[in-house]
Amino acid sequence: MKPAIIKAGKWFLNALLPRTCAHCGLDLHYLEDAPLCPACAAGLEPLPALHCEACGLPLPDGGASCRDCRGGAPRSLALARSAFVFNPQLRSLVHSFKYKAREDLAGFLGGRMAAALPGFPELDPYKFTAAVPLHSSRRRDRGFNQAELLASTLASSCNLFHLEGAAGRTRNTPSQTALSKEKRKSNVAGAFTIVKPELVKGRNILLVDDVATTLATLEELASEFKKAGARLVAAYTLAREP
């Protein structure tokens with residue numbers, strides 16, 4: 001199809017169904033494919049260079065590790081990294097993605113994760129991705145698992161192998177959003193199972209999710225992967241709560 005016809009088609013579609021920025025609501029140019037206006041897109045914050053070497057928490061005052069990781073007990077997660085800080089612009093995108101049926105945002109968000117991945121060479125040994133699973137009832141309500149879409153996009157963009165459906169959720173846990181750190185741990189305890197252990201044994205697996213806060217969910221899932229024979233387990237999320 002000729003570029004002029006494509007351009008005219010986009011203009012006509014935008015006239016019928018105008019697109020707005022997912023954060024500020026400003027009208028988007030009809031040739032703009034991104035879900036954010038240029039100003040809001042420029043406001044996305046990559047994970048800063050100063051972050052905990054273990055959990056990836058931003059460290060505005062420097063240091064090699066955060067207080068929780070310094071001298072802490074061994075974890076099933078070898079390390080965790082995130083593409084961005086969970087700031088207001090990204091929060092709007094994630095909420096649209098998860099709660100407003102914006103499945104179309106998977107390509108943009110997964111693509112940004114893929115673009116940021118080379119900045120974390122410590123994740124190079126992890127060649128297999130696995131998504132944090134949703135309980136079947138929540139997946140049915142939402143229509144998709146956002147982590148699965150991000151993991152699949154990341155894998156296809158970065159020549160990784162995606163272990164689709166490797167893990168499952170054994171119970172529908174309440175949302176972690178309003179829970180304390182300790183309650184988050186107990187909330188997800190025993191919530192996961194490895195459905196396809198034959199895909200896991202001896203492999204270095206990169207767990208993928210949208211947002212990391214205390215890492216309770218990712219740590220619990222990593223523990224199950226290690227029990228199933230995974231060699232190493234790390235986590236890579238779209239965003240990290242600062």
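1. Let's start with the salt bridges: searching the whole structure turns up five. A salt bridge here is a side-chain nitrogen of Lys or Arg within 4 Å of a carboxyl oxygen of Asp or Glu. Before you go hunting for them, note that this is a predicted model, where local features need pLDDT of at least 70, side-chain atom pairs count only at pLDDT 80 or more, and totals for chains, interfaces and linings use all residues. Residues are numbered from 1 along each chain as its sequence is written, and side-chain values use heavy atoms, with hydrogens and water left out.

2. One of the bridges joins the side chains of E241 and R91, at 3.9 Å from N to O. This pair links distant parts of the chain, 150 residues apart: R91 is in helix α3 (residues 88-99), while E241 is in the segment after β7 (232-240). Helices and strands here are DSSP runs numbered from the N terminus (helices are H or I with at least four residues, strands are E with at least two). Are the partners buried or exposed? E241 counts as partly exposed because its relative accessibility is 23%, and R91 also counts as partly exposed, at 32%. The cut-offs are under 20% relative accessible area for buried, over 50% for exposed, and partly exposed in between (1.4 Å probe, protein chains only).

3. Next, look at D210 and K98, whose side chains meet in a salt bridge of 3.0 Å, N to O. D210 lies in strand β6 (residues 204-212) and K98 in helix α3, so this bridge ties together parts that are 112 residues apart in sequence. Both D210 and K98 are buried.

4. For a bridge inside one helix, go to K227 and E224, where the closest N and O atoms are 3.3 Å apart. These two sit three residues apart in helix α8, so about one helical turn separates them. Why does that spacing matter for direction? An α-helix has 3.6 residues a turn, so residues three or four places apart point the same way. Still, K227 counts as exposed, with 63% relative accessibility, whereas E224 is buried at 16%. K227 is also 9.1 Å from I194, C-alpha to C-alpha, although their positions lie 33 residues apart in sequence.

5. While you're at α8, check its length. Its twelve residues (216-227) should span 16 Å at 1.5 Å a residue, and the end C-alpha atoms are 17 Å apart, which agrees. The expected span is 1.5 Å times one less than the number of residues. This helix is mostly covered, with nine of its twelve residues buried; among them are A216, L218, L221 and F225. Just after α8, G229 has a positive phi of about 110°.

6. Now for the inside. The largest nonpolar core has 68 residues, and L90, L123, I205, L207, F225 and Y236 touch the most other members. Such a core is a set of buried Ala, Val, Leu, Ile, Met, Phe, Trp, Tyr and Cys residues joined through side-chain atoms within 4.5 Å. Try clicking on L207: beyond its neighbours within four places in sequence, its contacts include L77, A130, L218, F225 and Y236. Contact means heavy atoms within 4.5 Å.

7. Finally, the whole chain. It has eight helices and seven strands, and 47% of its 242 residues count as buried. Of the contacts between residues at least 6 apart in sequence, 70% join residues at least 24 apart.
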